[in-house]
Amino acid sequence: MPTQEILNYFSVGNEIEKLRLQIAISCAPVIKKVKVGGIIILPIKIVRMVWNSLLKSEFSVRILYQSSQKVILYIYQKEWLDSYLRKQNIQEFLKAYEYIISDTEEILLFLKKRVKMFYQQKEEFPHEIGIFLQYPLEDVTSFVENRGKNFLLSGYWKVYHNIEKAKEIFTSYDKAKEELIKEILNGKTLTQVLIGK
């Protein structure tokens, strides 16, 4: 996808069109079902429209943080996330951050609390959020241990282990993003993008 074509779209498109492209760029791997969940930050004035489109889709959505100007949404595939969070190594990692492992709903409520505490400047950034974005556990752990330094590769996340596997995943995310951007540039609505029609 030529960068100039995307920049032209942003310079002349209306707010709704720009929003569709922003969602595609931020959450394409989730929408194309190659990733369990993604985060998008939206101006508060357009959240209701996105929320209504999401209600028509098969994706679940959670507000992680809301201020007077912006909303941070976590968009995810519920069954996939449920299964992912049941993995023993993931549960052990989250327990170290004081998550009570009961069900996905409770885990996401605690993540929301952790994000809110960060924005209230009461806690450090909740780096375990990488788990909810399906970053490899060993990379999330190494990121925390190294305070974001000494990584081997930087892309969708900072890679500390298994560079080749990370590159494969990055390529699949890029492909999903390119496919979805093409669909939007060809006139798909936000709802059509989210429901895959």
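How much area does the chain expose, and what share of it do carbon and sulfur atoms supply? About 10,900 Å² is exposed, and carbon and sulfur atoms supply 50% of that. Keep in mind that this is a predicted model.

On the overall build, the chain has 10 helices and 5 strands. Its radius of gyration comes out at 17 Å, close to the 16 Å that the globule rule gives for 197 residues, so the chain is as compact as a globular protein of that length. If you lay the C-alpha trace along its principal axes, the spans are about 45 × 35 × 30 Å. Buried residues, meaning those under 20% relative accessible area, make up 42% of the 197 residues. As for contacts with a separation of 6 or more, 52% of them link residues 24 or more positions apart. On the charge side, there are 29 positive and 23 negative charges, and their mean positions sit 5 Å apart.

Now for the strands around β3. Strand β3 covers residues 70-76, and 6 of its 7 residues are buried, so the rest of the structure largely encloses it. Two strands pair with β3, as the table shows.

| Strand pair | Sense | Bridges | Example of opposite residues |
|---|---|---|---|
| β1 (residues 37-43) and β3 | antiparallel | 7 bridges | G38 and I75 |
| β2 (residues 60-66) and β3 | antiparallel | 6 bridges | Q66 and V71 |

The link from β2 to β3 is a hairpin through 3 residues. In a regular strand, side chains alternate between the two faces of the sheet.

Conventions
Residues numbered from 1 in each chain as written. Predicted model: local features only at pLDDT ≥ 70, side-chain atom pairs only at ≥ 80, totals over all residues. Heavy atoms only, no water. Helix = DSSP H or I, 4+ residues; strand = E, 2+ residues; numbered from the N terminus. Rg over C-alpha atoms; globule rule 2.2 N^0.38 Å. Buried < 20%, exposed > 50% of the residue type's maximum accessible area, 1.4 Å probe, protein only. Contact = heavy atoms within 4.5 Å. Areas by Shrake-Rupley, 256 points an atom, 1.4 Å probe, with all protein chains shown as cover. Lys, Arg positive; Asp, Glu negative; His and termini not counted. Charge placed at Lys NZ, Arg CZ, Asp CG, Glu CD. Pairing = 2+ DSSP bridges.
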